[in-house]
Amino acid sequence: MSFSRDHLLIIETPEGVRFTMTLASPVTRFLALTLDLVIVYGIVYLIGMIASIAGVLSADLANILMIIGIFVITIGYFLFCEWLWRGQTFGKRVFNIRVVDAQGLRLQTDQIILRNLLRFVDSLPFLYFLGGTVSVFSRKSQRLGDIAAGTVVIRQKSVSPPDFSRLTENKYNSLREHPHMEAILRQRVSSELASLAFQALLRRQSLDADARVKLFRELAEEIKSLANFPEEVSFGVSDEQFVRNCVESIFRQSTKKAPTSGADKAVSIAS
């Protein structure tokens with residue numbers, strides 16, 4: 001379940017875990033779009049130069065190249081970037097915003113395709129006037145493409161290392177023996193997913209047994225889908241413990257910078 005309030009998107013899982021995302025403002029989205037369009041039109045200009053050379057041989061060939069090139073670039077640029085960077089384009093990366101599923105689920109390829117195919121409608125009659133107007137009056141700041149695809153654009157916050165002292169029991173973390181896998185986790189797991197996993201760990205005692213098992217199974221599957229872990233990393237480890245290991249590994253790079261006494265200690269999280 002998701003609902004918005006004061007530029008915030010609040011998502012509550014069926015297990016009762018709630019997390020909050022800050023919606024990107026229409027102004028920020030427009031600035032990111034402007035940067036993307038500069039890149040797109042730059043590429044189109046290069047295609048025009050190539051087409052003009054081809055026009056020496058055939059004017060029809062030049063026109064075909066321009067039509068196909070403009071269509072492929074104007075749509076393909078956004079499709080490819082949002083697929084490659086999980087909801088971001090160059091402009092979105094610069095302005096630190098990201099496309100996500102409106103229900104907090106994993107962003108799907110068909111959602112990326114649908115929201116971008118509808119850019120033609122949102123851009124009517126000029127300069128995304130229709131889409132911009134709709135997003136201003138939408139509770140979740142969604143343009144038509146977002147509404148159809150079930151997506152929202154959020155401001156990606158830098159996540160401070162969580163207070164692991166609230167989770168007190170020491171547990172062995174098998175990921176420590178695979179630093180390259182920890183690096184992949186930090187690169188591929190979004191701050192929103194990491195925060196959700198940490199909140200789930202904090203509130204696990206308040207969940208009934210079935211909901212607790214289901215929640216951590218879904219979190220573990222989501223994280224595993226982002227990286228190819230060797231079997232020994234998760235062999236014999238419960239889904240909850242696996243999530244705990246991943247959360248520790250994601251944030252450990254930041255927390256280990258703080259002064260500590262004695263040897264490097266595992267972050268304390270109960271399974």
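**Close-ups of a predicted model**

Counting across this predicted model, the tally comes to nine salt bridges. The views below take in a few of them, then move on to a strand and two helices.

**View 1. Arginine 29 and aspartate 146 meet in a salt bridge.** The N to O distance between these two side chains is 2.7 Å. Here the link is between distant parts of the chain, with arginine 29 sitting in helix α1 (residues 26-54) and aspartate 146 in helix α7 (residues 144-149), 117 residues apart. So is this pair buried or exposed? Arginine 29 is buried, and aspartate 146 is buried too.

**View 2. Glutamate 82 pairs up with lysine 92 and with arginine 115.** Start with lysine 92: its closest approach to glutamate 82, N to O, is 3.2 Å. Because glutamate 82 belongs to helix α2 (residues 59-84) and lysine 92 to helix α3 (residues 90-94), this salt bridge ties together parts 10 residues apart in sequence. Both glutamate 82 and lysine 92 are buried. Now swing over to arginine 115, whose side chain meets that of glutamate 82 in a salt bridge at 2.8 Å, N to O. Arginine 115 is in helix α4 (residues 109-117) and glutamate 82 in α2, so this pair ties together parts that are 33 residues apart in sequence. Like glutamate 82, arginine 115 is buried. Zoom out a little and you get one network, in which salt bridges with shared partners join Arg29, Glu82, Lys92, Arg115, Arg119 and Asp146.

**View 3. Threonine 151 sits in strand β5 with a relative accessible area of 0%.** That value makes threonine 151 buried, because the cut-off for buried is under 20%. Its side chain makes a polar contact with the side chain of aspartate 146, at 2.7 Å. Which residues does threonine 151 touch once its neighbours within four places in sequence are set aside? The contacts are Val99, Val100, Asp101, Ala102, Leu107, Gln111, Arg115, Gln142 and Asp146. One of these, aspartate 101, is also the bridge partner of threonine 151.

**View 4. Strand β5 runs antiparallel to strand β4.** Strand β4 covers residues 97-101, and five bridges join β4 to β5. How much of β5 (residues 151-155) is covered? Mostly, it turns out: four of its five residues are buried.

**View 5. Helix α4 has a buried side.** The buried residues in α4 are Gln111, Ile112, Arg115 and Asn116. Around the helix axis they cover an arc of only 120 degrees, which puts them on the same side of α4. Two of these names, Gln111 and Arg115, come back from View 3 as contacts of threonine 151.

**View 6. Helix α10 spans residues 209-224.** From first C-alpha to last, this 16-residue helix reaches 22 Å, close to the 22 Å expected at 1.5 Å a residue. Its buried residues are Ala211, Arg212, Leu215, Phe216, Leu219, Ala220 and Ile223. Looking down the axis of α10, the buried residues fall within an arc of 160 degrees, so they line one face of the helix. What sits on the face of α10 turned away from the buried side? That face carries the exposed residues Asp210 and Val213. At the start of α10, a side-chain oxygen of aspartate 208 comes to within 3.2 Å of the backbone nitrogen of aspartate 210.

Conventions: Residues numbered from 1 in each chain as written. Predicted model: local features only at pLDDT ≥ 70, side-chain atom pairs only at ≥ 80, totals over all residues. Heavy atoms only, no water. Helix = DSSP H or I, 4+ residues; strand = E, 2+ residues; numbered from the N terminus. Expected span 1.5 Å × (residues − 1). Buried < 20%, exposed > 50% of the residue type's maximum accessible area, 1.4 Å probe, protein only. Arc of directions from axis to C-beta. Polar contact = N/O pair within 3.5 Å; in protein donor to acceptor, adjacent residues only side chain to side chain. Pairing = 2+ DSSP bridges. Salt bridge = Lys/Arg side-chain N within 4 Å of Asp/Glu carboxyl O. Contact = heavy atoms within 4.5 Å.
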